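Below is a short report on a two-chain model. It takes the chains one by one, then their contact.

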Amino acid sequence: MITEISFIDSLIVTVFSMLVVFTSLLVIAVIINWIRLLSTEDKKKVALNVQPEVTVTRNEQVEVVQTTDNSQELVAVIAAAIAANLGVNTQDINIRTIRRVSQSLTPWSVTNRQEQLYGKL
Amino acid sequence: MNLSEVFVEFLQSTGFANITIGQTIMLLTSFVLLYLAIVKEFEPLLLVPIAFGMLLANIPLAGLMAAPEDGQIGGLLYYLYQGVKLGIYPPLIFLGVGAMTDFGPLIANPKSILLGAAAQVGIFATFIGAIALGFTAQESASIGIIGGADGPTALFITSKLAPHLLGPIAVAAYSYMALVPLIQPPIMKALTTKEEREIVMEQLRPVTKKEKIIFPIVVTVLVSLLLPSAASLIGMLMLGNLLRETGSTDRLSKTAQNELMNIVTIFLGVTVGATANAQTFLSPDTLKIIALGLIAFSLGTASGVLFGKVMCKATGGKINPLIGSAGVSAVPMAARVSQKVGQEANPKNFLLMHAMGPNVAGVIGSAVAAGLLLNFFG
């Protein structure tokens, strides 16, 4: 086991180690990008299979929510929630489309912003 | 035998009659650390067990750290310490850390991983400094790793390379981690302009579950193949993360990040504190280690920020250099510091999630650095 090393040797160890650290993390970054591409391709496939929309008609309210799957239960739940919120019967509202809105903020960001806001209160 | 003889014998068998000046100083040191942990709330979850371990190990005649001898069993802390000596506790802590860590921000912005690499400069620069001050290669490697701002990694390396320095290195590492909000901001402000600190970064993209599941597996395979000596740290970190992300191992994930982590933290803290006995702790080397630890931390912060500036220029001003300082690990404290300093410059700035990328990358980076040091000097 090496115990005593010179100052020059320690410099060599440092340069070599930093190169290895950078290279290994760079390779991880490249692989993360590949995983992302893989995942994006999957999304495209899913997008091709998406069924166009559930339409419901309307009386007075037009709700635009949404979905990329065809779960009838989900549609029923959304319709019931809207009706309950409006205080009317499900037959009295017409839902034209239900679309899934992509989440622009991660839950972390939302939580952080809320904490910031509450911190100011 | 008369009553007075019994009384004198009793007095002579007490710790009061046998305590040395060194032990008294160590007891006082443990009181100071307990004060900092409880009143000032400096990393109390770790500093309380460490300080109490220090207190117990310096009680005269108690023999809590005594090794078994002549058929007598050893002290309680001696047996618990085997988990540190054999390198068992730090990887278990990493299991819990992995289960608590969201690598999403890193996956969303893979470039930020380079900031986690840049901040490891502190480790190696301090390693050079320690060599220059006359420490052995093993001791220098253990001291340098303080700059990784990663307690379990520092203890893992030190237990393998320089176990006699465990006490001072643990105290230095955890004290500085607690002092991150005080140490980092002046360095960050000194190395950046107000315009740079005001940069608002683009919103991170959402990360799919598939990416989050593949990530720990890929990192484990890659890093472990490259540096087998880092496999136990990285492997446990990524196993914990996989348990978190699969969606079907919630119970295991919760155990890893709560009960298991807490139990191991108690054992680790108490026994590491117990290595700080008067003979080893009260030496000029301890002061040198504490000074070098501060240098390591500061250099890690500075190199992260400077690399952040390089990335800022390279991306046409899309990266706020302040997130570079989070590359020193100290999750999530260092990321919070980036957020705080960024928000001081621009109240509309939300850097927390952007800083979490380099922050968790720093954990991987310091584990890689630890593996390298073990390769060279283990």
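In chain B, 75% of the contacts between residues at least 6 apart in sequence join residues at least 24 apart. Two residues are in contact if their C-beta atoms, placed from the backbone, lie within 7 Å. This is a predicted model: local features need pLDDT of at least 70, side-chain atom pairs count only at pLDDT 80 or more, and totals for chains, interfaces and linings use all residues. Residues are numbered from 1 along each chain as its sequence is written, while chains are lettered from A and ligands numbered from 1 in the order in which they are written.

**Chain B**

Chain B has 21 helices and 0 strands. Helices (H or I, at least four residues) and strands (E, at least two) are DSSP runs, numbered from the N terminus. The C-alpha trace of chain B spans about 90 × 45 × 40 Å along its principal axes. Its radius of gyration is 22 Å, which agrees with the value near 21 Å for a compact globule of 378 residues. That radius is taken over C-alpha atoms, and the globule rule is 2.2 Å times the number of residues to the power 0.38.

Of the 378 residues of chain B, 57% count as buried. A residue is buried if 20 or more other C-beta atoms lie within 10 Å of its own, exposed if 12 or fewer, and partly exposed in between.

The largest nonpolar core holds 141 residues, and Ile50(B), Ile169(B) and Ala370(B) touch the most other members. α21(B) gives the most to this core, with 16 residues. A nonpolar core is a set of buried Ala, Val, Leu, Ile, Met, Phe, Trp, Tyr and Cys residues joined through C-beta atoms within 7 Å. Leaving out residues up to four places away in sequence, Ala370(B) touches Ile145(B), Thr153(B), Phe156(B), Ile157(B), Ala230(B) and Leu233(B).

Two helices of chain B are compared by burial here.

| Helix | Buried residues |
|---|---|
| α9(B) | 10 of the 12 residues |
| α10(B), residues 137–144 | 8 of the 8 residues |

α10(B) is largely enclosed by the rest of the structure, because 8 of its 8 residues are buried. They include Gln138(B), Glu139(B) and Ile143(B). What covers them includes α9 (121–132), α11 (151–161), α12 (166–178), α19 (284–314) and α21 (352–377) of chain B.

α9(B) reaches 17 Å from its first C-alpha to its last, close to the 16 Å expected at 1.5 Å a residue. The expected span is 1.5 Å times one less than the number of residues. Among its buried residues are Phe124(B), Phe127(B) and Ile131(B). Gly134(B) follows α9(B), with a positive phi near 100°.

**Chain A**

Chain A has 3 helices and 2 strands, in the pattern α-β-α-β-α along the sequence. Buried residues make up 11% of its 121 residues.

The mean pLDDT of chain A is 76, and 71% of its residues reach 70 or more. pLDDT is the predictor's confidence in each residue, from 0 to 100. It stays under 50 over residues 51–58 of chain A and over residues 60–64 of chain A. Where pLDDT is low, the predicted coordinates should not be read in detail.

**The contact between the chains**

The contact takes 34 residues from chain A and 42 residues from chain B. On the side of chain A that touches chain B, α1 (7–49) and α3 (107–120) are the elements that give two or more residues. α1(A) gives the most, with 22 residues. That side of chain A divides into 19 nonpolar, 12 polar and 3 charged residues. Ala, Val, Leu, Ile, Met, Phe, Trp, Tyr, Cys and Pro count as nonpolar, Asp, Glu, Lys and Arg as charged, and the others, Gly among them, as polar.
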